[in-house]
Amino acid sequence: MEAASGRGSVFMERKTAKALSLCYFLDTNRKTVNLQDKTVLELGAGTGLVSIVASLLGASVTATDLPELLGNLRANVMRNTRGRCRYTPQVEELTWSYDLEYSHPTSTHHYDYVLATDVVYHHNYLDELLATMKHFCQPGTTVIWANKYRLDDDLTFMENFKKAFHAILVAEDGDIKIFMGSHRETDV
């Protein structure tokens, strides 16, 4: 991946390992997770690696993150997908929240897949993250996320995720675990 110059950080390097694991999973499990012509939302896209790979695999992708990260995210996504994808990826601001119906109404924002990589590190916003996942994971939507467990908060979040969604562990890459979940009204 060709990265835009700008903020480099140890955080992004650590997050990239999880993103690589999720990208590898998506690429090698195309029969299980067929992204071709599917709508995909990535939460906390960071550098955009997962969104780039999902776009290259044929998905119509919306990459989201906090406003201060959108410039680098947009540059990375556009630089690595321009002229190579069926659908031009979109980059949008999204702050996790309990009340997304006004800014992202469920009547107009439906996704086949919601992807996330190492988003549980924001331990102050885990309740908002779960509320955001619930908002976007309507019946027929599958959430796939990769995470490395570091703290008890990670395990607590996973337990809350399992209460909200049908969830299964679909892959492990060392200490990185990849989960797939669906709305409680549908099956994984």
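**Exercises on a seven-stranded sheet**

In this predicted model, β4 and strand β5 (residues 142-148) are paired in the parallel sense, with five bridges between them.

**Exercise 1.** Find which strand pairs with β4 besides β5, and name a residue pair for each pairing.

*Solution.* Start with the β5 side: here V114 stands opposite V143. Next take strand β1 (residues 39-43), which pairs with β4 over four bridges, in the parallel sense. On this side V40 of β1 has Y113 of β4 as its bridge partner.

**Exercise 2.** Decide whether the residues of β4 are buried or exposed, and treat each face of the strand in turn.

*Solution.* First recall that side chains in a regular strand alternate between the two faces of the sheet. On one side of β4 are Y113, L115 and T117, and these are buried. On the other side are V114 and A116, which are buried as well. Both faces are therefore covered, and with five of the five residues in 113-117 buried, strand β4 is largely enclosed by the rest of the structure.

**Exercise 3.** Write down the strand order of the sheet and state which strands stand at its edges.

*Solution.* The order is β3-β2-β1-β4-β5-β7-β6, in an open sheet of seven strands with mixed pairing. The edge strands are β3 (90-93) and β6 (165-173); each has a single partner strand, so one side of each lacks a neighbour in the sheet. On average, neighbouring strands of this sheet are turned by 20 degrees against each other, direction ignored. An antiparallel pairing occurs between β6 and strand β7 (residues 176-183), over eight bridges. Within this pairing, H166 has S182 in β7 as its bridge partner.

**Exercise 4.** Determine which strands helix α2 touches, and which strands helix α5 lies across.

*Solution.* Helix α2 (residues 49-56) packs on the sheet and touches β1, β2 (60-65) and β4. The direction of α2 makes about 175 degrees with that of β2. Helix α5 (residues 152-164) lies across β5, β6 and β7. Relative to β6, α5 runs at about 135 degrees.

**Exercise 5.** Locate H104, classify H104 as buried or exposed, and list the contacts of H104 beyond its neighbours within four places in sequence.

*Solution.* H104 is found in the loop between β3 and β4. The relative accessibility of H104 is 10%. Buried means under 20%, so H104 counts as buried. With neighbours within four places in sequence left aside, H104 is in contact with E92, E93, L94, H109, H135 and F136.

How values were computed:
Residues numbered from 1 in each chain as written. Predicted model: local features only at pLDDT ≥ 70, side-chain atom pairs only at ≥ 80, totals over all residues. Heavy atoms only, no water. Buried < 20%, exposed > 50% of the residue type's maximum accessible area, 1.4 Å probe, protein only. Helix = DSSP H or I, 4+ residues; strand = E, 2+ residues; numbered from the N terminus. Pairing = 2+ DSSP bridges. Axes fitted to C-alpha atoms, helices over the stretch in contact; angles between N-to-C directions. Contact = heavy atoms within 4.5 Å.
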